[in-house]
Structure formats: structure tokens, C-alpha cells
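Biologist: Let us talk through the salt bridges here. I want the reason behind each label.

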Amino acid sequence: MLDGYAVTSSQRRQGGSEPWIIFSSLLAILIPSAILLTLPIFSVTGLSLEDALFTATSAISVTGLGVVDTGTHFTLTGKVLLMFLMQIGGLGQMTLSAVLFYMFGIRLSLQQQALMKEELGQEKRINITKLVKRIIAFALLAELVGFVFLSFKWVPMYGWSTGTFYALFHSISAFNNAGFSLYSDSMMSFVDDPLVILTISALFIVGGLGFTVVGDLVLNFGKGFKRLKLHTKIMLVATPVLLLSGTLFFWILEKDNSATMVDLSLSGQWLAAFFQSASARTAGFNSVDLTQFTQPALLIMIVLMLIGAGSTSTGGGIKVSTFTVAMVATWAFLRQKKHVVMFNKSVSWPTVTRSLAIIVVSGTVIVASMFLLTITEQASFDKIMFEVISAFATVGLTAGLTAELTVYGKYIMIVVMIIGRIGPLTLAFMLARPKPTLLKYPEDNVLTG
């Protein structure tokens, strides 16, 4: 996802074609997949075109919102197709393209290599083929570890074939932050089961860190925190802070709620609070009934969903680094500092303005989508806001509205999920067609605040 998309000399020559390539590559996979899901072989009772398009979009955008029950509605073939779409969505369309080109012996063009570097957050001259191999190897290894741990739980419960399939499906869904579950109640049946809850949590936390962070950690293993890139440092500090603060808030707000956590043991309450804090930042699983959450807890969840995961990760949202840079830049402004400094490194002004642009464009998309849904849907505003932000941040958690959406509402949410996956700035560049200029005009003051 190109939330950090930068204007390059290549873009100046081609008129901003890169965002359209990103968008087109998504549609090239999405539309055929949606058509396939309408076929009888993929579902038990069949899917309408809008429901198939909604499901395919939710899978490839690794959102996890569903208009039908995944476990009962889809055949084995349909579930395998969803796994394939989740894997594509998590790794990214450009990564998939590089794999296919490599398999058929086709060299990547310079433009495709530039897009790959942008999508994977690489600035230096690198070997794209080796990088893609490492990313895929890491993803498969993480999913394999998750598969093994989950098999210990589900093979004894369901037998070898069903148990291993459940383990594989949920491992792929969790690592790619997709949120699809074969259980109609997501993970509520395992709310106080440490093996299932902690394994799935570990998968989407690692997936949400981002391939750039993991690569930096591997490259500088044992060399100390100072050797890490600034982005990696931000993620390693901000992620635990968000995770622990969310856990604390959810426990305080829900421990006495008779509809969610009051009947759980103390350890079960903390486990449920931890899981929802981790899942809120784009994973989409739930171990308690979110429709019964208190209003303050839902607000905390909305904030966490909007912040999301890390750049170049399998998750969505405005991104942890975007949020952190915007907050630090605001603090620097209030203290009348000329530079935004983090970990003894100055953050470039283009990075600051890009972060602010992401927030503004994201807010515009969210508000416009909420406005449209207030027209098409007969639902309370808090449900509409929760569902829109969940879709935009590709989280997949629902307050109960998705299953009741009208046809118009489904198409609105499809667009929101697509925008959330390709990134708000990619959309903005598609519409605005950037035209960099060297002209400088006289400055003048504008009254603000």
C-alpha cells in the first residue's frame, strides 16, 4: 500500500500513472475473483453479484467484513479461494506480480521496480527478486509456525483433516490481518484459551509490524537499538504503547460489563482485553461480543482502528508512523521548535506534510462515506461511524451493521475498503494528477486557529 507515495521524476514524465497501475492491478484480481464466487462450486447456496464483490473486496483488502457467514456459506473450494485472496492482499499486488514475472522468466521493468520499492518502503538500490523472496519466505514461515501451534488445539478437536484446515485458514487470515474466521462468532468460543488467543495475536502483531521493520531487525540483529532505522524505532516503541494502553482501557471499561467480560476470570478478562486491543489495529477478530461494548470502549476501538498497523505491513489504517509523526510534529509546533526530532533524528518536512495529507484525505473519505451511509441505511450514527472506519482501516470488526446493509450500502463499503487498501494518497494522486513545479511565489500570512 502506498500511503507514503512520493512524487518522483518517473511520475513527472508519466503523468502520475503509478497510482493507476496500483488500482488496476487490484481490479485485475478483484473482478475475476468476485465472478468466481458467484459460481455454485464456491458457495453452498450461491451469492449475488454484489455479495460476491463485497466478499472478494473484503478478502483482497484483508478487511474481513462479511455479508454471509464464512464457515457455513462457502464450500471448501470457496474457502481456499478466500485464503488465496487474503494472501495476495497481505503481501500486496506488486509482490505477487514480481513472483509471477520471476516464475515465467520475465524481467521487471524500471517502473515496476520503482513501484515495488515504494510499496515495500525501500529507498536504496536493492535486488527486488531477493527482497520478494525474503518477504514471501518470512510470511510463509510465520504462517507455518502459527499453523503448527493452532493444530495442537484443533486437530484433537476436529480430527486431522478438518483440524489442520482450520489451523491453516486462521493462520493465513491472522498473519495477513484479514479477520476472516470459520467460526460464526469469530474467536468468542476461545476467549480464555491462551493457546489460540496468543497464537493468533502474535500472528497479526508480527504481520502488522511491516516487512521493512522485520527486515531491519534481522539485518541489525545483535547490533543494538541505535543501529535501527528511525521507522523501525517508531514502530518498536509505538506498537507496545498502543497495545498496552488499549488493553488497560478495555479492561477498565469492560470488566464489569455483564454482556462481555464480567463472567470471565481475572486472567480471562486481561486476555480478552489484550486480544481486542491487538485486533482493533486492523486484525478484525473478536473474542467478545462487540455489539455489547460500552460506548467509551467502542470509541477507544475506533481510535485504534483508525491508527492501524505499520507501513508496508499486512494491516491498514492511517498507519502508526503517520500518527506518531503527526503527533510529534504538533508537539514540536506547540513548543515552537523549528524541527521535528525523534530519537535524535530530524524528520524531513515532506514526511511531515505527507503524514498530515494522509490524515486530511482519510478524514475526508471517512466523513463522505458516513454521510452517504446515513442516507442509504436505517442505522444509528455510532454504528455507521464504527463500520466505515473498520472498512477504511481494513479492520473487519463490525458493530452489527454489515450484515444488514442495503445494496447501495454494500457498494459504498466496497469503495471504502478499496480506498483503505490502496491508500488515501494513492487515491488522491489518481484524481489530482500531481504537477510538480519549480515556480516560487511571494509568501503572505494567513490567519489560522
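Biologist: What makes the contact between Lys410 and Asp51 a salt bridge?

Modeller: This is a predicted model, where local features need pLDDT of at least 70, side-chain atom pairs count only at pLDDT 80 or more, and totals for chains, interfaces and linings use all residues. Residues are numbered from 1 along each chain as its sequence is written, and side-chain values use heavy atoms, leaving out hydrogens and water. A salt bridge is a side-chain nitrogen of Lys or Arg within 4 Å of a carboxyl oxygen of Asp or Glu. Lys410 and Asp51 meet at 2.6 Å, N to O, so the pair fits the definition.

Biologist: Which helices hold Lys410 and Asp51?

Modeller: Lys410 is in helix α18 and Asp51 in helix α3, 359 residues apart. Helices are DSSP runs (H or I, at least four residues), numbered from the N terminus.

Biologist: Why is Asp193 called buried?

Modeller: Buried means under 20% relative accessible area, exposed over 50%, and partly exposed in between (1.4 Å probe, protein chains only). Asp193 has 13%, so it counts as buried. Its salt-bridge partner is Lys153, with the closest N and O atoms 2.7 Å apart. Lys153 lies in helix α8 and Asp193 in the loop between α9 and α10, so the pair ties together parts 40 residues apart in sequence.

Biologist: Why is Lys255 called partly exposed?

Modeller: Lys255 has 23% relative accessibility, so it falls in the partly exposed class.

Biologist: And what makes Asp256 exposed?

Modeller: Asp256 has a relative accessible area of 61%, so it is exposed. The side chains of Lys255 and Asp256 form a salt bridge at 3.1 Å, N to O.

Conventions. Helix = DSSP H or I, 4+ residues; strand = E, 2+ residues; numbered from the N terminus.
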